[in-house]
Amino acid sequence: MSRSADLEGRLRAVRRQIETACERTGRDPQEVTLVAVAKTFPAEDIRIVAELGQRDIGENRDQEAAPKVAQLADLDLCWHFVGQLQTNKARSVASYADVVHSVDRPHLVVALSHAATELGRSIDVFVQVSLDETDRPGRGGVPPEAAPALADLVAGAAGLELVGVMGIAPLGQPPGPAFARLARVRDAVVDVHPSASAVSAGMSGDLDEAIAAGATHVRVGTALFGDRKRLLR
Ligand SMILES: *Cc1c(COP(=O)(O)O)cnc(C)c1O
């Protein structure tokens, strides 16, 4: 099978899964944005899914994203930065990202705001919330109780638009309770910032649970592009 036929089938299956999950919980599939997380896969794969109508593309490392963005500059894509972001990469990411899902500390807000303002860009921002209640060093995120204050900071920052909250379900735990915690943080943020109602949650393995808990953005890599480990081997 050609890569193009493979990706077309996978994309159709993921879209169908989103529709089914929405039907089950009485939601409108239009409320859910599919972000195709293309990390480790080549720009050619992104070009194929873009031609199939998939415009929202996610990346998690600046070193990898920046050259792909340049290679695909002829397409009108919406770039989502979803990975942990070092402050010294904020300027580069601000030059191409339309949306950043992983803002989890004041320093990063300041750096992104400064860069966006200088570049004359506006960037949509999700505040990443840690959903891991254990003390394990997590995959980024501000503790839930600190999220509203960070959201206030983003909302007041020039060049940044607060759109909502993002979370990653902790490994080895059922995702439902974690996504419910994220939804409560969203409710607290929305009380103060009524337009910041988006929830970025759900990956290939927990898409259904995330949609049931109100996700508006799902970040799907493996189910769309295939197994990353196989490529790295
Ligand atoms: C890689 C990645 C995803 C996609 O994960 P899959 O399990 O491959 O769907 C989603 N969100 C973030 C932050 C990621 O780094």
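This short talk goes through the ligand site and then the cysteines of the structure shown above.

Please keep in mind that this is a predicted model, in which local features need pLDDT of at least 70 and side-chain atom pairs count only at pLDDT 80 or more, while totals for chains, interfaces and linings use all residues. Residues are numbered from 1 along each chain as its sequence is written, and side-chain values use heavy atoms, with hydrogens and water left out.

Let me start with the ligand. Among the residues around the ligand, meaning those with a heavy atom within 4 Å of it, are Val37, Lys39, Ile168, Met203, Gly221 and Arg228. The residues of this shell divide into five nonpolar, four polar and three charged, where Asp, Glu, Lys and Arg count as charged, Ala, Val, Leu, Ile, Met, Phe, Trp, Tyr, Cys and Pro as nonpolar, and the others, Gly among them, as polar.

Which atoms of Lys39, Gly221 and Arg228 lie 2.7 Å or 2.8 Å from an oxygen atom of the ligand? For Lys39 it is a side-chain N or O atom, at 2.7 Å, for Arg228 a polar side-chain atom, also at 2.7 Å, and for Gly221 a backbone N or O atom, at 2.8 Å.

Now to the cysteines. A search of the whole structure finds zero disulfides, a disulfide being a pair of cysteine sulfur atoms within 2.5 Å. Why is Cys22 not bonded to Cys78? The sulfur of Cys78, although the closest cysteine sulfur to that of Cys22, is 19 Å away, and therefore too far for a bond.

Note on methods
A polar contact is a pair of N or O atoms within 3.5 Å; within protein, one must be able to donate a hydrogen and the other to accept it, and residues adjacent in sequence count only if both atoms are side-chain atoms.
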